[in-house]
Amino acid sequence: MTIAERSQCQLIDVARTLGPRLRERASAHDLEGRFVADNYRDLKEQKVMSAAVPAELGGGGATHAQVCELLRELGQSCGSTALALSMHTHLVAAAVWRYRHGLPAEALLRKVAASELVLVSTGAGDWVDSVGCAERVTGGYHVTATKRFASGCPAGDLALTSVPFEDAECG
C-alpha cells in the first residue's frame with residue numbers, strides 16, 4: 001500500500017470513527033440552530049484541520065481528492081460538519097496551491113499544522129469580486145468592508161478575506 005493510500009485509509013477511518021458521535025449530535029445541532037463546535041473539537045483532536053497541509057510543513061499531507069473523500073464520508077454523519085469543514089479546507093487548499101507555486105503561504109500552513117487552527121472563510125465572492133477598500137497606513141493597511149457571512153466563525157481562529165487595493169503608483 002502506498003503512502004497516499006495509507007493516508008486515505010487513515011482519513012476515512014477518522015471519519016468512520018467519529019461518525020456515530022457526529023450522527024448522534026446532528027439532529028440537536030439542526031433543531032437548535034447551533035454551530036457544530038463540539039464536532040470541531042473532535043476533528044481538531046484527530047488533526048483533521050491540518051490533514052491537507054503538506055507533510056514537510058508538519059501537516060498530514062492529504063491530497064485534495066483525499067480531503068474530498070473525507071468530507072463525503074463526514075457528510076453521511078453530519079452534513080453541517082462536513083459543510084463547515086469544507087469552508088476551512090477550501091482555504092487550506094488555496095494556501096497549499098500558493099505554497100506549491102512559490103507564493104507566500106508557508107507560515108500560515110505551518111501555523112495550521114502546529115495548532116490545528118480553524119480558518120474562517122468570508123465567502124467565495126471574495127475570490128471572484130472582492131468588496132471593500134484597503135488604504136495603506138504605517139505598518140500595514142486599514143481595511144473597510146462589509147462581508148456577508150463568515151463560515152466557521154464560532155470555532156474560528158483566523159479569518160481570511162480579500163479586499164481590492166488601488167495602488168496610486170501601480171494601479
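How many aromatic pairs does the count come to? In this predicted model, the count comes to two aromatic pairs. One of them joins Phe35 and Tyr40, whose ring centres are 5.2 Å apart. The planes of Phe35 and Tyr40 meet at 70 degrees, and because an angle over 60 counts as edge-to-face, the pair is given that label. Burial separates the two partners neatly: Tyr40 is buried, with a relative accessible area of 2%, whereas Phe35, at 22%, is partly exposed.

Tyr141 and Phe165 also form an edge-to-face aromatic pair, with 5.1 Å from centre to centre and 80 degrees between the planes. Tyr141 belongs to strand E3, which spans residues 140-144, while Phe165 sits in the segment that follows strand E4 (158-160). The two residues are 24 apart in sequence, so their pairing ties together separate parts of the chain. Tyr141 is partly exposed, at a relative accessible area of 45%, and Phe165 is likewise partly exposed, at 28%.

Attention can now turn to a residue in a helix. Val14 is found in helix H1, which covers residues 3-32. With a relative accessible area of 15%, Val14 is buried, because this value falls under the 20% cut-off. Which residues does Val14 contact, once its neighbours within four places in sequence are left aside? They are Gln46 and Val48. Lys47 can be placed relative to Val14 as well: the C-alpha atoms of Val14 and Lys47 are separated by 9.5 Å, although these residues lie 33 residues apart along the chain.

Definitions and conventions. Residues are numbered from 1 along each chain as its sequence is written. This is a predicted model: local features need pLDDT of at least 70, side-chain atom pairs count only at pLDDT 80 or more; totals for chains, interfaces and linings use all residues. Side-chain values use heavy atoms; hydrogens and water are left out. Helices (H or I, at least four residues) and strands (E, at least two) are DSSP runs, numbered from the N terminus. Buried means under 20% relative accessible area, exposed over 50%, partly exposed in between (1.4 Å probe, protein chains only). Contact means heavy atoms within 4.5 Å. Rings of Phe, Tyr and Trp (its six-membered ring) pair if their centres lie within 6.5 Å; planes under 30 degrees apart count as stacked, over 60 as edge-to-face and the rest as tilted.
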